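Visitor: Please pick one part of this structure and take me through it closely. I would like to know what it packs against.

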Amino acid sequence: MAKAKKVVCRAWTKDDVRKMKTMAKAKLGVARIAKALRRTPGATTVMAAKLGVSLSTRA
């Protein structure tokens, strides 16, 4: 039986939030933002919703 992946929750730093907001303004999309922050798209989306940041790529 394969070992289950261990889920590691990293706290969001001020730098992470700043970077996410900058990338969201540039309309880079959830996948690229999540990869740059080394987080899952789901975690990125949830944090953006908490902060009221739109991650849509449309104008």
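Guide: Of the 59 residues in the protein, 25% are buried (under 20% relative accessible area with a 1.4 Å probe, protein chains only; exposed is over 50%, partly exposed in between). The model is predicted, so to speak of local features requires pLDDT of at least 70 and side-chain atom pairs count only at pLDDT 80 or more, while totals for chains, interfaces and linings use all residues. Residues are numbered from 1 along each chain as its sequence is written, and side-chain values use heavy atoms, with hydrogens and water left out.

The protein has 3 helices and 0 strands (DSSP runs, numbered from the N terminus: H or I of at least four residues for helices, E of at least two for strands). The C-alpha trace spans about 45 × 25 × 20 Å along its principal axes. Among contacts (heavy atoms within 4.5 Å) with a separation of 6 or more, 57% join residues 24 or more positions apart.

The part to look at is helix H2, residues 30–37. Its buried residues are Ile33, Ala34 and Leu37. Viewed down the axis of H2, these fall within an arc of 100 degrees (taken from the directions from the helix axis to the C-beta atoms), so they line one face of the helix. Ala31, Arg32 and Lys35, on the other side of H2, are exposed. After H2 comes Arg38, with a positive phi near 55 degrees.

The buried residues of H2 pack against two partners, helix H1 (14–25) and helix H3 (41–51). Two packed helices are described by the angle between their axes and the distance between the axes. For H2 and H3 the angle is about 100 degrees and the axes are 9 Å apart; axes are lines fitted to C-alpha atoms over the stretch in contact, and angles run from 0 to 180 degrees between N-to-C directions. The two helices are therefore roughly perpendicular (65 to 115 degrees; under 35 is roughly parallel, over 145 roughly antiparallel, the rest oblique). Here Val30, Ile33 and Ala34 in H2 meet Pro41, Thr44 and Thr45 in H3. By class, this contact has 4 nonpolar, 2 polar and no charged residues, where Ala, Val, Leu, Ile, Met, Phe, Trp, Tyr, Cys and Pro count as nonpolar, Asp, Glu, Lys and Arg as charged, and the others, Gly among them, as polar.

On the H1 side, Asp16 lies in helix H1 and counts as buried at 12% relative accessibility. Leaving aside neighbours within four places in sequence, Asp16 is in contact with Ala11, Leu37 and Arg39.
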